[in-house]
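Subject: Structure handover and what I found in it

Hi,

Here is the structure I promised to pass on. Have a look at it first, and then read my notes below.

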Amino acid sequence: MALDASLILGSPQLAGVKVNHKGMAAGAAGGLVGTVAAAVVSGRGDRASDRTPAFGRLAFLAVTDDELALVGLKSGALSVRMGDVIERVPRGHVSSAELGRGLPASLTIAFRDGGIWRLEVPPPNKKQAESVVRVLSG
């Protein structure tokens, strides 16, 4: 069953995807190493613009008509359920959304004020990430 943040956000969800912190796939110690390595490889060493909210191992990025929201996820033995809203941003503040190639795929959300959220999409969730990018770009 697909996750839906509509009730928590008080507005119908148009698209959503499970996300990890950038570099999470590199392992527990690799989070920082993976992020720094990605910045060096991409030539983007400016970490000041990285305003990715802090969250646990996994979160849910949801898009509604009016906003982009990052919602915490809680893992049970057999299921994943919605936790608290971590951060909400009006959609008008989003300037672009890009889904990179690779496994896991990088998801970069840029904001009009110059801030950036750098996330990763677990491989089974790439189609949902494509939907998020399509909705944010449309």
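What follows is a walk through the fold, the strand pairing, the salt bridges and two buried residues.

**The fold**

Keep in mind that this is a predicted model. The protein chain has three helices and seven strands, and along the sequence they come in the pattern α-β-α-β-β-β-β-β-β-α. Of the 138 residues in the protein chain, 45% are buried. If you take contacts between residues at least 6 apart in sequence, 59% of them join residues at least 24 apart. For the accessible surface I get about 7,600 Å², with 55% of that belonging to carbon and sulfur atoms.

**Strand pairing**

Strand E1 (residues 13-21) pairs with two other strands. With strand E2 (residues 59-64) it runs antiparallel, joined by six bridges, and here lysine 18 of E1 faces phenylalanine 60 in E2. E1 is also antiparallel to strand E7 (residues 116-121), this time through two bridges; in that pairing histidine 21 stands opposite leucine 119 in E7.

Further along the chain, E5 and E6 are antiparallel too, with five bridges between them. Valine 94 stands opposite phenylalanine 111 in E6. These two strands make a hairpin with five residues between them, and glycine 102 in the turn has a positive phi of about 105°.

**Salt bridges**

How many salt bridges are there? The count comes to three.

One of them is between aspartate 50 and arginine 118, where the closest N and O atoms are 3.8 Å apart. This pair links distant parts of the chain: aspartate 50 is in the loop between helix H2 (30-42) and E2, while arginine 118 is in strand E7, 68 residues apart. Arginine 118 has 10% relative accessibility, so it counts as buried. If you are going to filter on distance, note that the cut-off for a salt bridge is 4 Å, and this pair sits at 3.8 Å.

Another joins aspartate 113 and arginine 51, at 3.0 Å from N to O. Aspartate 113 belongs to the loop between strand E6 (105-111) and E7, and arginine 51 to the loop between H2 and E2, so this bridge ties together parts that are 62 residues apart in sequence. As for cover, aspartate 113 is exposed, with a relative accessible area of 56%, and arginine 51 is partly exposed at 41% relative accessibility.

Then there is arginine 88 with glutamate 67, whose closest N and O atoms are 2.9 Å apart. Arginine 88 is in strand E4 and glutamate 67 in strand E3 (residues 67-75), so the parts tied together here are 21 residues apart in sequence. Arginine 88 is partly exposed, with a relative accessible area of 39%, whereas glutamate 67, at 13% relative accessibility, counts as buried.

**Arginine 91, a buried charge**

Now for a residue you may want to look at on screen. Arginine 91 lies in the loop between strand E4 (80-90) and strand E5 (94-99). Why does arginine 91, though buried, have no salt bridge? The nearest side chain of opposite charge is that of aspartate 65, which is 4.7 Å away, and a salt bridge needs the nitrogen and the carboxyl oxygen within 4 Å, so the pair does not qualify.

The side chain of arginine 91 does have a backbone partner: one of its polar atoms lies 3.0 Å from the backbone oxygen of valine 135. Leaving aside neighbours within four places in sequence, arginine 91 is in contact with Leu14, Val63, Thr64, Asp65, Asp66, Glu67, Leu68, Val135 and Leu136. Glu67 in that list is the glutamate that forms the salt bridge with arginine 88.

**Alanine 15**

Is alanine 15, which is found in strand E1, buried or exposed? Alanine 15 is buried, with a relative accessible area of 5%. Not counting residues up to four places away in sequence, alanine 15 touches Leu61, Ala62, Val63, Ser131, Val132 and Val135. One of these, serine 131, is 116 residues away along the chain, yet the C-alpha atoms of the two are separated by 6.1 Å. Val63 and Val135 are among the contacts of alanine 15, and they turn up in the list for arginine 91 as well.

Cheers

How values were computed. Residues numbered from 1 in each chain as written. Predicted model: local features only at pLDDT ≥ 70, side-chain atom pairs only at ≥ 80, totals over all residues. Heavy atoms only, no water. Helix = DSSP H or I, 4+ residues; strand = E, 2+ residues; numbered from the N terminus. Buried < 20%, exposed > 50% of the residue type's maximum accessible area, 1.4 Å probe, protein only. Lys, Arg positive; Asp, Glu negative; His and termini not counted. Polar contact = N/O pair within 3.5 Å; in protein donor to acceptor, adjacent residues only side chain to side chain. Contact = heavy atoms within 4.5 Å. Pairing = 2+ DSSP bridges. Areas by Shrake-Rupley, 256 points an atom, 1.4 Å probe, with all protein chains shown as cover.
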